[in-house]
Each structure stands twice: as structure tokens, then as C-alpha cells.
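Me: I'm new to this one. Could you walk me through how to read a few of its features?

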Amino acid sequence: MRRLVTGLAVSLLLLLNTLVLIGPMMLIAVLKLLLPGQRLQDACAFGVMWIAETWAEIDKWIFATLTPTRWDIRGAADLRRDVSYLIVSNHQSWVDIPALVQTFNRKAPFFKFFLKKELIWVPFLGLAWWALDYPFMKRYSKTYLARHPEKRGQDLLITRRACEKFKRSPVTVVNYLEGTRFTPAKHAAQQSPYRHLLKPKAGGVAFVLAALGDQLDALLDVTVYYPGGRVPGFWALASGQVAQVVVDIRTRPLAPSLWAGDYEEDEDFRRFVQDWVSRLWAEKDRRLAALRAEFGDPL
């Protein structure tokens, strides 16, 4: 009964927090669209971001007050709010998002995801993502490009234009290289060469680097681990059943060579980026094995 009450209380408070703050966020976002002049638009963008960070801080307070979860955050001491980051992370659960909020909110620039253009039509959330200047990507398939070669390179050009506003303020861009949440079934179906990870997809991060590379100051290599051998879902977190979450951060430099070529057209450059991603993922796999050993979980 206690878990049920806790879960309902946390869920209702999270919903209330969202409903209260989304109205002012939308109002300021509309003003940003209507007001003339870059300074006024930038002021509105700052207001939207402040509301988003306040929303995240209240969510953190809700979890801290009503649940016993300990957020074991490692490597965050040198985070800054005046630089831009690219975050790559493993992905196992919906809880990965609150883990990012706990780790980075008001310690680094508010994070953004590259989204498919169609997601702008999602009720409420699409407007919130638009208000937060999330880049909406227009990706063309190889089949489409074969039929319409004049569109080649247009997806990257559109994304670069959408990211122009990032030049005026720092940003943190999040990319989940696995493309989906890890499950044992997916791991087996992929025949992944990694023990604790799915195969990474280099194309997505190559696209981000091509659009934003010169604006990014560092890579934050994030590994999320749930001690105990069980990956929790939202209800487990909300109802107080998650004792501890480990978020391990390794800050790495980003070499300009990672966005110096054409990933889709240059086979040698594509192999270079894929090799970099593979080395990154192999080290992350070893780190997950070390965390399992640290907590006495099965390897």
C-alpha cells in the first residue's frame, strides 16, 4: 500500500508541475515568435529555458522528498554552463531521462535532442519541444535520394540552419547511439559484440557532429547503471523501489577530424567515424562490467 500511495503522489505531482509550467512556457514561446529584434527573441528564449530548468528542479525535489533513490553521480565536478557539450549515453529505461535531469540540470546547459520532424505534431509535447528550440530533423532515405538526387545534402543543410540559434548560447545535445532501449532479446537478436550494450549507430552522431561540430567544446561520455541487476521502469522509480542509480561521466575532447568529411559519401571517413564509435562503445562495455563487479552483480 505504501508503494502505491508513493507512486500515485509522485505521478500526480509530476503531472501538476508540468501542467502549471507549460502555460507560461507556451506564452513566452509565442512572444518569441511574434516580437521583432534578436535581443527580444533571445530574452524570450532565456525565459523559456529558465522555466524548463525550474520544471526540472521541481521534479528533482519531488523525487528527493518522496522517494529514497540515491543518485550516485560521478565525474560531474568540472561541468560548466558556459560551454557546449555532446552527450552520448547507453539507454536502458525511461528512468535514464530523470537520471540526466538529476545529473545535468543547472550544472550544464539544458539538454536538447534531435527529433524527427513529424514529432512536432505530438500534442503539447511538440509545442514544448518547439519552444525549447529542439532541432527537428528532415532525414531522407537512401532510396528517396536515389530517386531525387537534387535533395542530397538538404537534410544536413536544414538541420544546420535550425542549429544557428545555438551559436548565441551554450547547448547540451544528447544522442543515444543504440537508437533504442537495451533488452536481452534485442541484444540476442543483434548478436551484439558487446556484453552489456547494443550495437551503436554511428550515423546519428555523425549527423550531429556535421551540424554542430565547431560549436561543441567536449564530449560527455555518460554511462548509466542500475545496481542490483534489474533495470527499473517509471513506476518502480515513482513508487520508491529504486535504491540507487549510478551515472558515470567521462569528459573527452572532440577532434575536428570527426566532422571533417562527408559521412554518407566518403567511405574512408565513414569507417573512421565508425571506428571511433566502436572504441568508445568497447570502453563503455568494460565500464559497465566494472560497475557490475563493484556492486557484486552477475557479470
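Me: Are the residues on the two faces of strand S6 (residues 172–175) buried or exposed?

Reply: Buried means under 20% relative accessible area, exposed over 50%, and partly exposed in between (1.4 Å probe, protein chains only). Strands (E, at least two residues) and helices (H or I, at least four) are DSSP runs numbered from the N terminus. Here both faces of S6 are covered: Thr172 and Val174 are buried on one side, Val173 and Asn175 on the other. Keep in mind that this is a predicted model, where local features need pLDDT of at least 70, side-chain atom pairs count only at pLDDT 80 or more, and totals for chains, interfaces and linings use all residues. Residues are numbered from 1 along each chain as its sequence is written, and side-chain values use heavy atoms, leaving out hydrogens and water.

Me: Which strands pair with S6?

Reply: Two strands pair if DSSP finds at least two bridges between them. Strand S2 (residues 85–89) runs parallel to S6 over four bridges, with Ile87 partnered by Val174. Strand S3 (residues 111–113) is also parallel to S6, joined by three bridges, and Phe111 is partnered by Thr172.

Me: Where is Ser84 found, and which residues does Ser84 touch?

Reply: Contact means heavy atoms within 4.5 Å. Ser84 is in the loop between strand S1 (70–74) and S2, and is buried at a relative accessible area of 6%. Leaving aside residues up to four places away in sequence, Ser84 touches Pro170, Val171, Gln215, Leu216, Asp217 and Ala218. The Ser84 side chain reaches the backbone nitrogen of Val171 at 3.0 Å.

Notes: Polar contact = N/O pair within 3.5 Å; in protein donor to acceptor, adjacent residues only side chain to side chain.
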